[in-house]
Amino acid sequence: MLSPHLLGVAGFPVGHSRSPVMHAAALRELRLPWRYLKLPLPPELFAEAARALPAAGYVGVNVTVPHKLAALRLADHSTPTAKAIGAANTLTFTEAGIEADNTDAPGLIGALGESPSGRRALVLGAGGAGRAAAWALREAGAEVSVWNRTPERGRDLAAELGIGYAERAAGVPDLVVNATSVGLDPDISEQRVLEALGLRVREPPAALVDLVYGERETALTAWARRGGSAVVDGLEVLVHQGALSLERWTGRGPPLAAMRAAAAHGGLDIR
Ligand code: ATR
């Protein structure tokens, strides 16, 4: 009997993830008889379960909240990107053991569609997502500042990455990346979002990325679009990070258009 080729996304919760529908479309397009499954793993079971996955036929898994730090810790080998960010979103099971990578960072740069080199970028949020975004933009040559609701956390990240810490009204960035969870509530008003992110008195930037995605356009992207910003939504970033993971597992060029179409029609709401 052929051994199964399984992929999946490990998170807790993971019911909302659009990755399964997106990867299923990609596997169909590539004519690979593989399956991509949801793996709802509570934190106390994550490491043990992840180590058991290769024997169950898994080639690799995506890892999402809250397991990205644990994924890096349990791996036998890690890419320089995953090490530098301190988190992994992609595990690959090989003869040489478990390999950890982070495709969130190159996924963000891919989703931008053009190099941010020389641009002034402001990252809102200093959690895991903010950390990956700030690192990716700095590596790509942008002049990066970070802002965070809890300033100490933002200042610590700024010091660690050698980037600026932005006070609320400081400077006019070319690019703003929302890497906070503000906007995950689909009913939040535009006013509340702008207030929470310190953007209320700002003109929309030339370009805006919102890592939050939902059933409808987020309040933040609606504001930016209305003001003439070039907008990249969270789904586009999801598509690019997923495509890079899939390429790693299959060695095949990922079908971006099929992945984008499937992700847009899936049913959930978190980056
Ligand atoms: P993730 O790994 O997805 O980034 P996280 O580490 O929990 O998740 O980070 C969530 C981010 O959203 C943080 O930057 C958080 O700010 P704090 O460090 O001050 O908690 C930010 N965030 C969450 N709710 C917020 C709100 N209502 N207003 C502004 N920022 C908020």
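**Reading the contacts in a predicted model**

The structure, a predicted model, holds one aromatic pair.

Student: What makes Tyr 36 and Trp 249 an aromatic pair, and why is the pair called tilted?

Tutor: The ring centres of Tyr 36 and Trp 249 are 6.4 Å apart, and the rule asks for centres within 6.5 Å, so the two rings count as a pair. The planes stand at 50° to each other, whereas stacked would need under 30 degrees and edge-to-face over 60, and therefore the pair is tilted.

Student: Which parts of the chain does the pair tie together?

Tutor: Tyr 36 belongs to strand S2 (residues 35-40) and Trp 249 to helix H10, so the pair joins parts that lie 213 residues apart in sequence.

Student: How do you know that Arg 248 and Asp 101 form a salt bridge?

Tutor: The closest N and O atoms of Arg 248 and Asp 101 are 3.0 Å apart, and the rule accepts a side-chain nitrogen of Lys or Arg within 4 Å of a carboxyl oxygen of Asp or Glu, so the pair qualifies as a salt bridge. Arg 248 is in helix H10 and Asp 101 in strand S6 (residues 97-101), 147 residues apart. By this rule the structure has twelve salt bridges.

Student: How many salt bridges cross between domain 1 and domain 2, and what else is found there?

Tutor: Across the interface of domain 1 (6-103 + 236-270) and domain 2 (106-234), the rule finds zero salt bridges, while eight residue pairs are in polar contact, counting pairs with both residues at pLDDT 80 or more. The two domains bury about 1500 Å² between them, with 61% of that area on carbon and sulfur atoms.

Student: Which helices supply the side of domain 1 that touches domain 2?

Tutor: Helix H4 (80-85) and helix H10 (234-250) each supply at least two residues, and H10 gives the most, with six residues. The residues on this side of domain 1 divide into seven nonpolar, seven polar and three charged.

Student: What makes the backbone at Pro 13, Pro 66 and Arg 31 worth a look?

Tutor: Most residues other than glycine have a negative phi, and most peptide bonds are trans. The bond joining Phe 12 and Pro 13 is cis, with omega about 5°, and Pro 13 lies in the loop between strand S1 (6-11) and helix H1 (19-29). The bond from Val 65 to Pro 66 is also cis, with omega near 5°. Arg 31 has a positive phi, near 55°, and lies in the loop between H1 and S2.

Terms used: Residues are numbered from 1 along each chain as its sequence is written. This is a predicted model: local features need pLDDT of at least 70, side-chain atom pairs count only at pLDDT 80 or more; totals for chains, interfaces and linings use all residues. Side-chain values use heavy atoms; hydrogens and water are left out. Domain bounds come from an automatic or database domain assignment. Buried area is the accessible area (1.4 Å probe) that two parts lose on being put together, summed over both. A polar contact is a pair of N or O atoms within 3.5 Å; within protein, one must be able to donate a hydrogen and the other to accept it, and residues adjacent in sequence count only if both atoms are side-chain atoms. Helices (H or I, at least four residues) and strands (E, at least two) are DSSP runs, numbered from the N terminus. Ala, Val, Leu, Ile, Met, Phe, Trp, Tyr, Cys and Pro count as nonpolar, Asp, Glu, Lys and Arg as charged, and the others, Gly among them, as polar. Rings of Phe, Tyr and Trp (its six-membered ring) pair if their centres lie within 6.5 Å; planes under 30 degrees apart count as stacked, over 60 as edge-to-face and the rest as tilted.
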